[in-house]
Amino acid sequence: MGRNTKISADDARFVRTAVEKHYDEIYFFLCRRCGNEEIAKDICQNTFVRFSCSIGGYMEKGSLRSYLFKIAVNCCNDYYRQNREHLPLESACGISTGYADSPEHSAESGEDGQKVRRILNSLPPIQRDVLILRYYHDMKPREIGACLGLKTAGVKTRLYRAKQAFIREWENE
């Protein structure tokens, strides 16, 4: 979509509805993924900007939620490729993020919550992503595959390996 190209009123309403419905979930995913609220806000905004720019290419065949998560993962990966000095280790260094204070994320508070965040941030990004999408966002392997561009069998393999790595780290701490 070019700079001077405008989206239709229907597309603008669809984007606005998508933001209202999915913003918080995408933002919390990015907070967990990045460990930094400011970076997560920037990437989340970029996610919805990209979505609005690609609205003409969005086919309603798949889940909008999965499509938005896929954009968010890609935006996050792009961000870290461009900003290698901001690797997602802030939580591992003990910096608390405010998203854990919301009621639906209260399980992340306290000592165990900090340990979970530390371990998640120590995992390779693909393992961290599959665990977050599966256990925090209750996605099925098929949906995770749609988000990450993987086949369902590949997601299951990565989930298994990620759980094993998480357990090993949990027991070592």
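A residue counts as buried when its relative accessible area is under 20%, as exposed when it is over 50%, and as partly exposed in between, using a 1.4 Å probe and protein chains only. By that scale Tyr23 is partly exposed, with a relative accessible area of 24%.

This is a predicted model, in which local features need pLDDT of at least 70, side-chain atom pairs count only at pLDDT 80 or more, and totals for chains, interfaces and linings use all residues. Residues are numbered from 1 along each chain as its sequence is written, and side-chain values use heavy atoms, leaving out hydrogens and water.

**Aromatic rings**

Let us stay with Tyr23. Helices here are DSSP runs (H or I, at least four residues), numbered from the N terminus. Tyr23 and Tyr27 both sit in helix H1 (residues 9–34), four residues apart, which is about one turn of the helix. In general, an α-helix has 3.6 residues a turn, so residues three or four places apart point the same way.

Rings of Phe, Tyr and Trp (its six-membered ring) pair if their centres lie within 6.5 Å; planes under 30 degrees apart count as stacked, over 60 as edge-to-face and the rest as tilted. The structure holds eight aromatic pairs, and two of them involving Tyr23 are shown here.

| Pair | Centre to centre | Angle between planes | Kind |
|---|---|---|---|
| Tyr23 and Tyr27 | 6.3 Å | 10° | stacked |
| Tyr23 and Phe48 | 5.8 Å | 25° | stacked |

The pair of Tyr23 and Phe48 links distant parts of the chain, since Tyr23 is in helix H1 and Phe48 is in helix H2 (residues 37–53), 25 residues apart. Both partners of Tyr23 are buried: Tyr27 has 10% relative accessibility, and Phe48 has 6%. Ring pairs join Tyr23, Tyr27, Phe28 and Phe48 into a cluster.

**Helices H5, H6 and H7**

How do two helices such as H5 and H7 pack? Helix H5 (residues 125–136) and helix H7 (residues 152–172) meet at an angle of about 100°, with their axes 9 Å apart. The axes are lines fitted to C-alpha atoms over the stretch in contact, and angles run from 0 to 180 degrees between N-to-C directions. H5 and H7 are therefore roughly perpendicular to each other, a label for angles of 65 to 115 degrees.

Contact means heavy atoms within 4.5 Å. From H5, Ile126, Gln127, Val130, Leu131, Arg134 and Tyr135 take part, and they meet residues of H7 including Leu159, Ala162 and Phe166. The residues of this contact divide into eight nonpolar, one polar and four charged.

Helix H6 (residues 141–148) has six of its eight residues buried, so it is largely enclosed by the rest of the structure. The buried ones are Pro141, Glu143, Ile144, Gly145, Cys147 and Leu148, and they pack against helix H3 (64–82), H5 and H7. Lys140 lies in the loop between H5 and H6 and is partly exposed, at 43% relative accessible area. After H6 comes Gly149, whose phi is positive, near 70°.

**Cysteines**

How many disulfides does a search of the whole structure find? The search finds zero, where a disulfide is a pair of cysteine sulfur atoms within 2.5 Å. The sulfur of Cys76 has its closest cysteine sulfur in Cys34, 3.8 Å away, which is too far for a bond. Cys76 is buried at 0% relative accessibility, and Cys147 is buried too, at 1%.

Notes. Angles under 35 degrees count as roughly parallel, over 145 as roughly antiparallel, 65 to 115 as roughly perpendicular and the rest as oblique. Ala, Val, Leu, Ile, Met, Phe, Trp, Tyr, Cys and Pro count as nonpolar, Asp, Glu, Lys and Arg as charged, and the others, Gly among them, as polar.
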